[in-house]
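Okay, hi everyone, thanks for coming. I'd like to walk you through a few spots in one structure, so please have the picture open and follow along.

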Amino acid sequence: MHRSREKMDVEKMEALNQSKKKLRVCVATCNRADYSKLAPIMFGIKSNPDEFELEVVVLGSHLIDDYGNTFRMIEQDDFDIGSKLHTIVRGEDEAAMVESVGLALVKLPDVLQRLHPDILVVHGDRFDALALATAAALMNIRIFHLEGGEISGTIDDSIRHAISKLAHYHACCTRMAEQHLIAMCEDHSRILLAGCPSYDKLLSSHCREDYMDTIRSWIGDNIQDHDYIVALQHPVTTDIQHSIKLYGLMLDALISFNKKTLILFPNIDAGSKEMVRVMRKKGIEQHPNFRAVKHIPFEQFIQLVCHAGCMIGNSSCGVREAGAFGTPVINLGTRQTGRETGENVLHVRDADTHKKIYHALELQFGKRYPCSKIYGDGNAVQRILKFLRTVDLNEPLQKTFCFPPVKDPISQDIDHILETQSALSVDLGGTNLRVAIVCMKGNILKKYTETNPNTFEERMFLIIKMCKDAMRDAVGLNCRILGVGVSTGGRVNPQEGVVLHSTNLIQEWSSVDLRTPISDALGLSVWVDNDGNCAALAERKFGHGRRVENFVTIITGTGIGGGIIHQNELIHGSTFCAAELGHIKVSLEGPECSCGSHGCIEAYASGLALQREAKRLHDEDLLKAEGMDIKLSEPITAAHLVSAARMGNPKAEAVLCKASTALGVGIVNILHIVNPSLVILSGVLASYYKEPVQHVISEKALISSQSIKVVTTDLDEPALLGAASMVLDYATRRTY
């Protein structure tokens with residue numbers, strides 16, 4: 001029984017291990033440089049077969065004879081290469097680099113589809129790596145990017161940052177690189193500050209006892225420690241001609257300096273062919289002081305850099321790995337501008353002759369500097385493996401970005417005028433002409449008021465003058481005027497910007513084209529609509545109508561008007577007279593209306609109708625109430641009627657009751673026709689009518705409509721805000 005129990009426990013453990021899926025990791029290497037960073041990780045993955053399954057893809061210059069066929073060292077390290085992709089288009093110019101990326105993108109999908117990795121490990125900033133990241137991202141494969149966030153001052157920066165934006169996880173080498181990735185809105189929880197993987201090997205193996213054997217095998221027998229130079233210069237693809245010039249000056253300086261020099265061929269970037277041509281023209285390969293090579297295994301290269309008297313060129317090895325040994329470095333040109341360096345690096349940004357470089361050699365050669373560990377402490381691989389163990393394949397594949405908070409749109413800085421987009425708003429009333437500057441939030445930043453002239457010419461002149469004054473003031477208010485919105489009484493064709501027919505309150509205002517003269521004078525787009533429709537638009541954008549699909553706005557002012565929003569759209573009607581709510585008949589034989597008919601809502605409930613009834617009661621000496629004082633010289637208005645009713649005057653109460661009932665019945669008709677979910681009252685009489693109208697609805701509407709709510713507007717200037725909303729919605733490409 002005991003043995004049987006042990007057997008069952010073993011079987012359970014085996015089943016548990018089988019149920020835990022190994023992470024299938026694909027490591028793609030493109031050249032000798034990135035393999036030096038990827039190899040330690042590959043060894044780490046390979047040494048944990050219970051947790052990881054390693055696939056290796058080789059492409060780029062690894063497979064080119066001129067660059068040493070460096071894929072062989074991967075095989076010598078006993079890695080099984082799953083795929084070899086010939087992706088380099090020869091030519092060593094800008095076009096060849098682009099074609100190489102395209103060729104890689106053509107070949108990679110088949111390989112990635114066959115290998116089907118859970119995660120792809122990509123290093124650095126090479127164009128081959130960009131092709132890898134692009135293919136993986138489009139094929140929904142998670143990307144783990146090494147050495148993102150660094151700055152080197154060339155096109156490599158753009159490629160590196162592009163790969164970072166495609167990558168799901170990041171392993172960076174320095175604290176500054178980590179901060180750069182965070183500034184690029186990458187998720188902090190997916191950034192690992194690991195250090196450079198190559199440091200794991202170089203910090204443990206650079207002090208080998210047989211290092212002199214390595215040095216002599218590459219440079220010659222008659223050589224001493226710290227008495228030779230390592231040179232490695234690559235082209236800068238954004239300034240190839242300058243790279244070639246600087247390379248030639250470096251060779252001249254090295255020839256004059258007369259020290260043994262190990263020089264490596266440049267990489268495969270555009271311009272490398274011309275640099276090799278310069279090297280051969282100067283006879284470097286035959287020169288007794290030089291040894292020109294295409295490739296050196298990384299472990300041996302470490303020994304050579306560690307014990308060199310100086311390293312010169314623009315390789316990242318000079319500012320990264322060489323610092324760990326305190327080897328003096330001369331960095332030429334702009335290729336590593338922005339990299340973090342130790343005190344061992346002396347920069348020569350530009351030179352017209354070789355003398356400046358020669359002088360730098362005199363300053364640096366033979367010195368030793370304190371060892372720097374900016375880029376790592378020798379523990380990068382174990383951190384990376386620990387991070388890979390935490391990757392949750394059940395998490396959403398779509399990466400998210402951590403954007404910083406957006407500033408308030410109202411900015412006091414003229415450089416941020418897009419944050420203060422505004423409209424000029426014009427309201428044409430029977431008495432006053434008003435212009436306002438209205439911002440996106442619906443705040444009226446400045447308002448101008450003048451008496452509305454009686455003639456068309458004077459009115460148009462004043463509108464344009466007031467708008468020009470407002471535009472001039474808008475500069476000081478840090479506003480960008482997007483257009484002009486006009487609210488006016490009467491029937492309006494908003495498509496043409498024409499007032500078709502006006503009310504009696506505005507003279508000489510029929511068949512008037514408002515859009516053309518205002519637009520021509522101000523150089524701005526112009527929108528025009530009826531004041532009732534504008535009130536509805538104001539509620540939809542700034543008031544109670546926000547996020548309400550169907551509602552009605554009713555203006556209770558001098559007249560009765562309004563607008564209807566149905567399924568988020570403003571209803572204009574076939575002849576632009578929809579929502580003439582004041583002219584809904586509530587009686588066949590009622591008082592005469594301004595439209596010439598009888599029994600309209602406006603004839604009962606408008607300010608003019610109430611003023612008419614107030615005058616009638618005053619003339620009959622029936623308007624007085626206890627505590628109410630009316631001066632003889634004071635004109636009688638609807639306000640006197642409301643005051644008398646509130647003080648208990650039964651005649652005034654009866655008039656207002658009839659007016660409220662008429663308005664309520666008219667609104668019930670609206671509810672039964674368009675079935676809105678909300679009624680919004682605005683205008684000077686809105687607060688008085690709210691409760692009576694709600695009462696009429698609860699008594700006279702169909703049961704399905706009795707619960708519809710009546711509210712009063714919170715907006716002080718619905719006509720101005722509605723006119724502004726036309727501009728702001730159109731100009732910012734929103735629906736109207």
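Let's start with a helix: how many residues does helix α6 have, and how far does α6 reach from its first C-alpha to its last? It has 12 residues, running from 155 to 166, and it reaches 17 Å. That's close to the 16 Å expected at 1.5 Å a residue. Before I go on, keep in mind that this is a predicted model.

So which residues of α6 are buried? They are D156, D157, I159, R160, I163 and S164. And what do those buried residues pack against? Two helices, α5 (127–138) and α7 (175–183), plus two strands, β5 (142–146) and β6 (169–172).

Okay, next stop, strand β7, which covers residues 191–193. I191 sits in that strand. Is I191 buried or exposed? Buried, because its relative accessibility is 8%, and the cut-off for buried is under 20%. If we skip residues up to four places away in sequence, I191 touches H170, C172, E178, L181, I182 and E186. Take H170 from that list: I191 and H170 are 21 residues apart in sequence, yet their C-alphas are 4.8 Å apart in space.

Now for some loops. Find H295, in the loop between β10 (290–293) and α12 (298–306). H295 has a relative accessible area of 18%, so it counts as buried. Which residues is H295 in contact with, once we leave aside its neighbours within four places in sequence? R32, Y67, T70, M73 and W218.

Another loop residue is G590, between β24 (569–570) and α19 (601–605). G590 is buried too, with a relative accessible area of 15%. Again not counting residues up to four places away, G590 touches H598, G599 and Y604. If you want a feel for distance, try T29: G590 and T29 are 561 residues apart in sequence, and 91 Å apart in space, C-alpha to C-alpha.

Here's a bit of backbone for you. Most residues other than glycine have a negative phi. Now look at N258, in the loop between α10 (240–257) and β9 (260–264). Its phi is near 60°, a positive value in a residue that isn't glycine. N258 is exposed, with a relative accessible area of 52%. D621 also has a phi near 60°, again positive and again not in a glycine. You'll find D621 in the loop between α20 and α21 (638–646).

That brings us to the last part, a pair of helices. Two packed helices are described by the angle between their axes and the distance between the axes. So, how do α20 (607–619) and α22 (650–674) cross? Their axes come within 11 Å and cross at roughly 160°. That makes α20 roughly antiparallel to α22. The crossing is right-handed, by the way.

And which residues meet there? From α20 we have L610, E613, R616 and L617, and from α22 we have K651, A652, V655, L656 and A659. Sorted by class, the contact has six nonpolar residues, three charged ones and no polar ones.

Okay, that's my tour. Happy to go back to any of these spots.

Terms used. Residues are numbered from 1 along each chain as its sequence is written. This is a predicted model: local features need pLDDT of at least 70, side-chain atom pairs count only at pLDDT 80 or more; totals for chains, interfaces and linings use all residues. Side-chain values use heavy atoms; hydrogens and water are left out. Axes are lines fitted to C-alpha atoms, for helices over the stretch in contact, and angles run from 0 to 180 degrees between N-to-C directions. Helices (H or I, at least four residues) and strands (E, at least two) are DSSP runs, numbered from the N terminus. Angles under 35 degrees count as roughly parallel, over 145 as roughly antiparallel, 65 to 115 as roughly perpendicular and the rest as oblique. A crossing is left-handed if the near helix is turned anticlockwise from the far one by less than a right angle, and right-handed if clockwise. Contact means heavy atoms within 4.5 Å. Ala, Val, Leu, Ile, Met, Phe, Trp, Tyr, Cys and Pro count as nonpolar, Asp, Glu, Lys and Arg as charged, and the others, Gly among them, as polar. The expected span of a helix is 1.5 Å times one less than its number of residues. Buried means under 20% relative accessible area, exposed over 50%, partly exposed in between (1.4 Å probe, protein chains only).
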